[in-house]
Amino acid sequence: MSMTDVLIVGAGPTGLVLACDLARRGVAVRIVDRSPAPPRTSRAKGPNPRSLEILDDLGVAEEVLAAGSAPLPMLKYRDRRPVAEADPWADSAPSPDARYDRGWLIAQWRLEGILRDRLAGYGVRVEPGREVVGLAQGQDGGDGGHVDVTYADGPAGRARYVVGCDGAHSSVRKLLGIPFEGTTAEDQVMVCGDVDLADGVLDRTRWHQWFDEDGAVMLCPIPGTRTGWWFQAGPERDGRGRPLAPTADGFRRLLAHHTALPGRDLTRAELLSTYRVNVRMADRFRAGRVLLAGDAAHVHAIAGGLGMNTGIQDAFNLGWKLGLVLAGHADAELLDTYEEERLPVAARTLDLTSERLRATLEAIRRPGGGLDTAITPDTTGLGVGYRWSSLAAGDRTPQAERPGPHAGDRAQQPEQPGPRAGDRAPDAPCADAATGVRTRLHRVFAGPRTTVLGFGPGSAAVLRETADAYGGGAGVRVCRVYAAHEDRAGAEPGAVVDDAGHASAAYGTGASGDTGAGTVVVVRPDHHVGVLGPADDARSVREYLRQLHGTGRSAERSPGMVDAVR
């Protein structure tokens, strides 16, 4: 029986992001999906700012931006008449430390297509029509363990690790016997679908929202289509008040009842579904060599648009850890930090989305209320960090602040200049020291490596030691960040110039060229800070890198990693 390194079950955005991240690391990965063909569903409306950063790291952000559109102002109606307009993004703008200030509208099927194409570039294709019906974990006399996988049809398979990215009804989770505790609000029901409207009947530069005392209809144009719209509405009900299943004719009746449009203007309706508010979470994200990610691990209210995004961010947290373990650099215990970091974030997300749903339901009772109530700074994903994590070196959050309802929310923590260990590593515009070409720190971080940044002349020694130990493909890169006034003669390849001071401001290092020890920052492959401290503390850097990458060249057993193509 042939062995693969990682089998991913489920080819939605979570599974595809994980597959892309592993494939570029040289990991032997398979991705299967029970559907016989990729579903053409719009479902999630698009990536939030943090997910856009991840897609940028994978090299597909520009294609995603080109295929979608910026989020639209919301035009709200009462009794068929427009009563208010809101643009939740009117006052936001990109900043030096965050290139993406807002999410992006793109149909989920289009995003999945872009990710499948990216994955195919690494020689990996989704295997459709493969339903997993059995998992058995066993030991291999030599390399420690495997998972035998049984499919409904076709030959069995074997993998060193399996990741269930197969949605809220996850077969993987059920086969593991992991509980999915929580609640389903049977009275909070919405019908959804993709529809076509007659050309020109509604302004496609607005997200139209009709909220009445007896129901609602929401229509958002689907980017890349001429007449396609996302349709969401309160359901029709029978004489006993029970929600009716969605139908095209039902959608036409809802449209005619709540809007000024005749039902016949809705010319097509497909991919119809009923959505109920589910708030559920697995009590563990790992069982031996099998892990859960995305909706397989947690589901929550739709408010804030965090479902797909939380899954993408799960995948980005897990991919590099699997890669380092499979490469033989890190011990398998590194995988425990996936649950340690992401389970509290999922718990916080359940709380946040439930609160945003409550606030939105309250807002729409009044004329002028709408879905803009669900959008807050928390929903960007940029403030999520892991200060409590065992991978946050030298910055252990006190026990009272460890994983709990607000553990994933950076805003709940006391602040100090610059990030702390566990926080998202800020971006910053800069220039290549050798060529002067404009770049950004997140471009420096991009690709499957850990990055060691050095600020100030005092960082030269620790950067040199790191390069000597891990240079040449061991998964670690070094980058000297020069201040504008520093002498850059003989600058190392890959060094950058912080010509406007944005990097030093973002990392709280002061003027990089001043005398003193300087500052060193270890940035994990998922753009979170592992170590931040004085550059003369080479021991902290050395110990942290040893934990993730082994002792360096002598222990190197890395597969051929592939940087993101730019």
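This note describes the cavities of a predicted model.

1. The structure holds six cavities of 30 Å³ or more. The points below cover the largest and the second largest.

2. The largest cavity encloses about 80 Å³ of space. Its lining consists of Arg 50, Ile 54, Gln 313, Phe 316, Asn 317, Arg 342, Gly 381, Val 384, Tyr 386, Asp 526 and His 528. Two or more of these residues come from each of α2 (49-57) and α7 (307-326). The largest share, three residues, belongs to α7.

3. Sorted by class, the lining of the largest cavity has four nonpolar, four polar and three charged residues. Ile 54, Phe 316, Val 384 and Tyr 386 are the nonpolar ones. Arg 50, Arg 342 and Asp 526 are the charged ones.

4. The second largest cavity holds about 70 Å³ of space. Around it lie Glu 53, Asp 56, Asp 57, Arg 99, Tyr 100, Asp 427, Arg 440, His 442, Arg 443, Ala 446 and His 527. At least two lining residues are supplied by each of α2 and α9 (441-445). The most come from α2, with three residues.

5. In the lining of the second largest cavity, seven residues are charged, two are polar and two are nonpolar. Among the charged residues are Glu 53, Asp 56 and Arg 99. Tyr 100 and Ala 446 are the nonpolar pair.

6. Helix α2 is a point of contact between the two descriptions: it gives two or more residues to the lining of the largest cavity, and three to that of the second largest.

Conventions
Residues numbered from 1 in each chain as written. Predicted model: local features only at pLDDT ≥ 70, side-chain atom pairs only at ≥ 80, totals over all residues. Heavy atoms only, no water. 1 Å grid on protein atoms, 1.4 Å probe; cavity = no way out; pocket = protein on both sides within 12 Å on 5 of 7 lines; lining within 4 Å. Points joined across faces, edges and corners; volume = space filled by probe spheres on them. Helix = DSSP H or I, 4+ residues; strand = E, 2+ residues; numbered from the N terminus.
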